[in-house]
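Reader: I have a structure to read. Can you walk me through one helix and its surroundings?

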Amino acid sequence: MLDLILLPAVLLLVLGLRSVRQGDPRRHGYFMTAGVTLVGIRLALPFPYLPHAHRTLGIAVLALAGGTMLLGRWALAWREGRSRRAAIPRIHRAAGTLTLIVLAVAVAAWLLRQGF
């Protein structure tokens, strides 16, 4: 039942990707941060049946997402003219792609573990 918390997180991540395609980087950041927060809440809830290794991998995926969000803040600063690091947006896009790939693999492994 707790996995229903992941449905709004998926919706927020989709809205975040859609908003960046529409050219609104601030709204993109808000949606992605809210989605990662919901996934973090899901991982923080107590589960007696989840092995320690799975919880550790989930926290590692969240750490990767957190690093990507930090890069996103720096990329937004460059976009708004508050920074001179022109390479940060490319690094943020690469880290975001890596994060989405790792998240997709983790979700597929989670669903296959559940027997869907």
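Reader: What follows α1, and what is the sign of its phi?

Author: G23 follows α1, and its phi is positive, near 90 degrees. Helices here are DSSP runs (H or I, at least four residues), numbered from the N terminus. This is a predicted model, where local features need pLDDT of at least 70, side-chain atom pairs count only at pLDDT 80 or more, and totals for chains, interfaces and linings use all residues. Residues are numbered from 1 along each chain as its sequence is written, and side-chain values use heavy atoms, with hydrogens and water left out.

Reader: How many residues has α1, and what span does it reach?

Author: The expected span is 1.5 Å times one less than the number of residues. α1 has 16 residues and reaches 23 Å from first C-alpha to last, close to the expected 22 Å.

Reader: Which residues of α1 are buried?

Author: Buried means under 20% relative accessible area, exposed over 50%, partly exposed in between (1.4 Å probe, protein chains only). In α1, A9, L12, L13, G16 and S19 are buried. Down the axis, these buried residues fall within an arc of 125 degrees, so they line one face of α1. The arc is taken from the directions from the helix axis to the C-beta atoms.

Reader: Why would residues three or four places apart point the same way?

Author: An α-helix has 3.6 residues a turn, so such residues point the same way. On the other side of α1, L7, L11 and R21 are exposed.

Reader: Is V20 buried, exposed or partly exposed?

Author: V20 lies in α1. V20 counts as partly exposed because its relative accessibility is 38%.

Methods. Helices (H or I, at least four residues) and strands (E, at least two) are DSSP runs, numbered from the N terminus.
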